[in-house]
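Colleague: Could we go through this model together? I should like to begin with the ligand and then turn to another part of the chain.

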Amino acid sequence: MKKIVEILADREQLVARSHEILLAKLAEAVQTRGQFTLALAGGGTPKPLYEALAGDDLPTDKIHIFWGDERYVPPDHPDSNQNMARQAWLDRVDFPEGNLHPMPTGAGDPAADAERHDAELRSFFGVAPGEVPSLDVILLGMGDDAHTASLFPRTEALQVCDRLVTVGDKDGQPRLTFTIPLLNKARCVLFLVAGESKRSALAQVFAPEADADAYPSRYIRPEGELWWLLDEAAGKSIDH
Ligand code: 6PG
């Protein structure tokens with residue numbers, strides 16, 4: 001794993017830097033592998049990045065979009081990560097619908113939908129049971145409690161290592177989430193973390209020793225590159 005930490009002056013510069021890195025990774029993937037597989041994060045931080053991408057002339061026929069996690073709500077629900085990304089980017093450009101691979105939330109059974117998406121990922125990437133595919137880039141945010149995707153502190157999802165997708169639990173609310181093995185197989189993980197409220201969680205995530213079950217972002221150690229893009233407010237006292 002190669003770890004890169006950059007502290008940007010403010011959110012705008014953090015978004016601009018993440019945009020620059022993504023476009024470089026996209027070009028490299030399309031040139032070397034003929035396609036770019038990207039998993040989006042939910043929450044508020046990445047939304048301006050998606051809006052910036054909507055202004056780019058991209059080879060959307062070669063880009064496949066996934067989500068690292070999803071709230072267990074219909075796709076048109078205001079809390080839906082799919083809905084946010086579609087409004088900010090995907091529905092504003094000519095993405096082939098077959099290139100968008102949202103997490104299903106329609107079965108009324110989160111575990112069944114998690115299994116269904118697990119199978120969809122295996123089919124798309126052509127991996128056998130037991131194998132884990134590598135996405136080119138997985139975008140992640142981090143909560144004030146150091147959760148990432150929908151891997152919340154001291155939840156069962158943190159222990160799931162035999163599947164690609166599982167059910168997360170946020171205060172009793174079900175979510176679907178990539179598992180730690182899938183996240184850690186990525187060629188590149190890009191954390192976007194902004195705001196003073198993230199400072200104490202970041203200190204625990206960057207500490208030499210701390211309980212990863214209490215601070216789940218500590219579990220993210222991808223085989224490829226691990227980028228932490230922080231704004232000054234979040235990363236001020238980080239020793240990196
Ligand atoms: C979600 C996200 C979640 C998010 C963090 C940070 O579904 O909400 O996947 O993991 O990335 O909670 O959210 P902010 O970017 O809004 O701080």
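**The ligand and its surroundings**

Modeller: To begin with the backbone, an N or O atom of the Gly42 main chain lies 3.5 Å from an oxygen atom of the ligand. Please keep in mind that this is a predicted model.

Colleague: How far is a backbone N or O atom of Ala149 from an oxygen atom of the ligand?

Modeller: The distance there is 2.7 Å.

Colleague: And which part of Arg175 is involved, backbone or side chain?

Modeller: For Arg175 it is the side chain: one of its N or O atoms is 3.4 Å from an oxygen atom of the ligand.

Colleague: How much of the ligand's accessible area does the protein cover?

Modeller: The ligand on its own has 420 Å² of accessible area, and the protein covers 85% of that. The space that the ligand takes up is the largest pocket.

Colleague: How many residues surround the ligand, and which are the closest?

Modeller: There are 14 residues around the ligand, and the closest are Gly44, Thr45, Asp69, Ala149 and Lys198. By class, this shell has eight polar, four charged and two nonpolar residues.

Colleague: Changing topic, where is Glu232 placed?

Modeller: Glu232 belongs to helix α7, which covers residues 232-235.

Colleague: Why is Glu232 classed as partly exposed?

Modeller: Because its relative accessible area is 37%, and partly exposed covers values between the 20% and 50% cut-offs.

Colleague: How far apart are Glu232 and Leu8, in sequence and in space?

Modeller: Glu232 and Leu8 are separated by 224 residues in sequence, while their C-alpha atoms are 5.9 Å apart in space.

Key
Residues numbered from 1 in each chain as written. Predicted model: local features only at pLDDT ≥ 70, side-chain atom pairs only at ≥ 80, totals over all residues. Heavy atoms only, no water. Near = heavy atom within 4 Å. Polar contact = N/O pair within 3.5 Å; in protein donor to acceptor, adjacent residues only side chain to side chain. Areas by Shrake-Rupley, 256 points an atom, 1.4 Å probe, with all protein chains shown as cover. 1 Å grid on protein atoms, 1.4 Å probe; cavity = no way out; pocket = protein on both sides within 12 Å on 5 of 7 lines; lining within 4 Å. Sits in = over half its atoms within 2 Å of the grid points. Nonpolar A, V, L, I, M, F, W, Y, C, P; charged D, E, K, R; others polar. Helix = DSSP H or I, 4+ residues; strand = E, 2+ residues; numbered from the N terminus. Buried < 20%, exposed > 50% of the residue type's maximum accessible area, 1.4 Å probe, protein only.
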